[in-house]
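Welcome! Please take a look at the sequence and the structure below, and then let us walk through a few of the places worth visiting.

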Amino acid sequence: MFKKLLFVFLFLCQIAVAQDTKIVSGVVHDGQGYELPGATIIIKGTLRGTTTNLDGEYKIEGVNSTDTLVFSYLGLQSQEIIIGNQTTINVVLKDDVNDLNEVVVIGYGTSKSKDLTSPIVTIHSDEITSMNTSSAMDAIQGKVAGVTVITNGAPGAGPSVRIRGIGSIQNSNPLYVVDGMFLNDINFLSPNDIESMSILKDASAAAIYGVRAANGVVLITTKSGGRNQKMHLTYDGYYGVQSVTQRLKMSNSEQYANFMKASGDPDLYGYVEAAISRYGGSNGIPSVSTDWYDELIRSSAPIQNHSLGLTGGNEKSSYAFSLGYFGQDGIMNATGDYKRINFRTKIDYDVTEKIKLGFNLLMSNINRLTDDNDAWFQAFINTPMYPVYDYSQSDEESYPIKFANPHNLGYNTYYTNPVSKAYYRGDNKSKVTRLMPSIYIEISPFNKADVVFRSAMNMEYKYGADRYYIPEYKVGNSIQEINSLSKRTNWNYNYVWDNTATWNNNWDSHSLKSMVGFSMREENYRWLKGTAQGVQNKDYINSGDASTTRAYDGGTRFRGMSAFARFSYDYDHKYLLAVTMRADGSSKYQEKWGFFPSVGTGWVLSEEGFFKGLKSSKVDYFKLRASWGMLGNDRVPANDGFASVTTGGLDQSGIFGGTNLIPGMINNTAFSILEWEVVYETNVGIDAKFLDYRLNFEADYYSRDTKNMVINTTLPMGNGYLLQNAGSVRNSGIELIINWSDEFESGFNYSIGANLTTIKNKVLDIAGQPYLQTGSQEFPQRSIVGHPLFSFYGWEVEGVYQNQTEIDADPIAVANGLKPGDLKFADLNDDGVLDDSDRTLLGDPNPDFTYGLNISLGYKGFNLAASFQGVSGATIFNRKRADINKHPANNMDANLADNVWTGEGSTNSYPSAEGMFNTWNNGRLSDFYLEDGSYFRIQNIRLSYDLPESFLNKIGIRSTQFFVNTDRPYTFFSSNGFTPEVPGGIDQTVYPLPSVFSFGAHITF
């Protein structure tokens, strides 16, 4: 009887449960009334759910009245609705006016912005493509606090990127992670293929990448298709022209001739007389006056980009394909250009409800003709007193083209016709083909618990081929008697195999997200080089003279293994804790393992009860953050050493039982075992939002110490230098970000944002040495404890001696036979003698602060956006000017020629023309050659128009935008060069940075 009653009871319960379950369906729209395909509907507390179809419709079975449905879509506010007795639920998802719920890509996962304890910055696709550049990193210049980008004007050249300053003498480049693959740069990647870019600036965020993350990490996510999304075809393209709008003005022949005459050196003025004799002239002024920069620079050079993308998906899969072309000609009037073809495919497929597979393939093919950059330097130093061509020359003087030459005027072979330099040394080809396949599998074994196992294999195959060919030619005494060919091929094969397990658990007011992982990686590099002379075919080494044919090869191989974990805890949306640990093993070093922990904390004060009153005062959100972590830099040598035997000399000889010196020898062997550098970083920050989320404010203080820095150390008894882990340097500063945005019922909207970063670089330790020296002997840079890396070291200029009375009153001037018009250097120790003890640090190439400003105005489809950026406090060494130290026949920029001292009171900053050729003035590094590297640039102005959706719906087009764009139209700066952006602060052979004027369109079908 009991069994029968139990059976009936269970049967009735089953009927009751079956009766309580139901089917719910509906349609999801956005705020403008358009259906949302691919919106996600999840039963809260489970992994069960569905997505909307192409028409925004959904249907979910087996739900209970007590269940809550969570509706979400990227960029829109999520909604939670209790089912109750409803069977049809239609939902409108509104725009997410605050970005607290924005999904941010972090290492091996994602997080909502409000849950972050680190200053991670995300840049989206529209911001990346707002500038027309070959590299995505150029596009973020001035947009991200803490990131310094130095652009390069050469076709296809990537920028120099520094995150929170220079932390290593060996390598300060960040790590790039593209869909899981570790890379050293992303210049091969089309900006149109990037969905988002997350920049991990501090150690707490980047420590999950361990030994590769010391210089910061840039995470790249490429574009994907959408589930239940109609197929969309998208075209992105533009065509533009580049031009050099701010040219360095050089001395013309009249200025140059007067300068040589004023030098008082008859040999220097002899060049002027030779020019007049050969090419004509009157009143001591040559008739030929060539502006070599004008001859080298094209009036305009094209730049273009075209990209086609195809995206879509159904209930079980999504896909994305793209094909792109980018072409850029150099503004040097030579053969230089850059062409890149990109292809990409990305497919995700649900095998079952618990198993997902994905495949991704990136391919790029780059062909580049590289200009000879030295032509820019030759354009600066060459006299203007001879023409580009001289057809009166015989073949013995010039062939195959009748280029004029300075040697006919008596100049030595240090000088050569800049145009001929660009022409004969410009046949340099390079080709790079890169293939990056990746595949992953995700397994979610349980329905009720958010547990995911993921395994991903990411690979990179890279093949490069370079050709450097110099034909036979003669330009005066610059002769290539027999042609030469050099070819080099290189191969890279790298892989990263990541395996992770994540578990997200929520109970009561607690939320815990856990991730553990294991990774293996390998990097292989091989190269082969061949050279020959007298080749019959400039593409083949074996067509050359066999007696001159040479071959060389080499390569490296590294392997690594890592284990890592991250735990993120959230209590009641108030208290946040994130802990990460990575253990890295490497075959590169004798010390095989390194350990890199980090911890981050956050306190959301705006969720506290005592803060409610402030909320009514328009403080919407306020969070305090603090973090600490360790990072590694394995892009330093594995070891360093040498063995040498020195014989002869008094210091290697001895006397044994007599009076004669017997030659001896010194056996000097030095070896050091190196390991990775280690960064220790502390970060404290604030995130705040005010006035209904219209005003956003972020502030961070960071202190970043690089220890175990690999530096040159002096061996005992002056027996040379050896690399050792013996240095330490600190970068510290603040980062400020403020953004305001608003929209009116009329349809007008606007936004304005600004960021500022201060950077203080300070050397902490150099193994007890007085300094580390780089640069040349006469123009040194020194790194000294308590001061910035790579500081310029020399003499301070107090002014210019104005008259003989001033000379006679100064014992330094008398002792050195100086004249009025010579520079007056500071006697820092007041001993009446100018010597090495009067040298000091004069400045450094590291900026004191960087800043950016972004403005956007929109009205009914029209949008006008402008961005500005700048640098302050950097110092530039004008190495071009300083070259007159050894080569007094050099030309000079017009600024110098116009401002030299010509008599008492004319200037107190520039020496006389005669003084410019006096080694007292030009034979030393002084602040006369140092210039302010500060600048303010109009970075980008873009006017766009989106056609109305009502019109587009009639013609079957989803969206259309047309735009006109100008990049870098003007830069305000005071240094004497084409651009104040010079790597390392030394201006010598910098490729001019062009402005770009373009028009284009974005169309989605």
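## A nonpolar patch on the surface

Which strands each supply at least two residues of the nonpolar patch? They are strand 17 (232-243), strand 51 (862-872), strand 54 (935-946) and strand 57 (995-1004). Before going further, please keep in mind that this is a predicted model.

The patch covers about 850 Å² of the surface. Its makers are Tyr 239, Val 241, Leu 857, Phe 862, Leu 864, Ile 941, Leu 943, Val 964, Phe 997 and Phe 999. You can start from Tyr 239, which is found in strand 17. Tyr 239 counts as partly exposed because its relative accessibility is 35%, a value that falls between the 20% limit for buried and the 50% limit for exposed.

## Salt bridges between distant parts of the chain

Across the whole structure, a search finds 42 salt bridges. Let us visit three of them.

One joins the side chains of Arg 344 and Asp 193, at 3.5 Å from N to O. This pair links distant parts of the chain, 151 residues apart: Arg 344 belongs to strand 22 (residues 337-350), while Asp 193 sits in the loop between strand 14 (181-183) and strand 15 (194-200). Are these two partners buried or exposed? Both Arg 344 and Asp 193 are buried.

Another is formed by the side chains of Lys 880 and Asp 987, with 3.0 Å from N to O. Lys 880 lies in helix 13 (residues 879-882) and Asp 987 in strand 56 (residues 986-987), so this salt bridge ties together parts that are 107 residues apart in sequence. Lys 880 counts as buried because its relative accessibility is 4%, and Asp 987 is buried as well, with a relative accessible area of 6%.

## A partly exposed pair and a network

The third salt bridge brings together the side chains of Asp 692 and Lys 618, 3.9 Å from N to O. Both residues are in loops: Asp 692 is between strand 39 (677-690) and strand 40 (695-714), and Lys 618 is between helix 10 (612-616) and strand 34 (619-633). The two are 74 residues apart. Asp 692 counts as partly exposed at 44% relative accessibility, and Lys 618 counts as partly exposed at 37%.

Some salt bridges share partners, and in this way Arg 164, Lys 201, Glu 681, Arg 704 and Glu 735 are joined into one network.

## A buried aspartate without a salt bridge

Asp 967 is found in strand 55 (residues 959-973). Which side chain of opposite charge is nearest to Asp 967? That is Arg 968, 6.0 Å away, and Asp 967 is buried yet has no salt bridge. The reason is the cut-off: a salt bridge needs the side-chain nitrogen within 4 Å of the carboxyl oxygen.

The side chain of Asp 967 does make a polar contact, at 2.8 Å, with the side chain of Asn 965. Beyond its neighbours within four places in sequence, Asp 967 is in contact with Ser 130, Met 131, Asn 132, Gln 939, Asn 940, Ser 995 and Val 996.

## A buried asparagine in a loop

Our last stop is Asn 192, in the loop between strand 14 and strand 15. Asn 192 is buried, with a relative accessible area of 10%. Leaving out residues up to four places away in sequence, Asn 192 touches Thr 129, Lys 223, Asp 236, Asn 305 and Ser 307. Asn 192 and Leu 308 are 116 residues apart in sequence, and their C-alpha atoms are 9.2 Å apart in space.

Technical notes:
Residues numbered from 1 in each chain as written. Predicted model: local features only at pLDDT ≥ 70, side-chain atom pairs only at ≥ 80, totals over all residues. Heavy atoms only, no water. Helix = DSSP H or I, 4+ residues; strand = E, 2+ residues; numbered from the N terminus. Buried < 20%, exposed > 50% of the residue type's maximum accessible area, 1.4 Å probe, protein only. Patch = residues over 30% accessible without salt bridge, like charges linked within 9 Å, V, L, I, M, F, W, Y side chains within 5 Å. Areas by Shrake-Rupley, 256 points an atom, 1.4 Å probe, with all protein chains shown as cover. Lys, Arg positive; Asp, Glu negative; His and termini not counted. Polar contact = N/O pair within 3.5 Å; in protein donor to acceptor, adjacent residues only side chain to side chain. Contact = heavy atoms within 4.5 Å.
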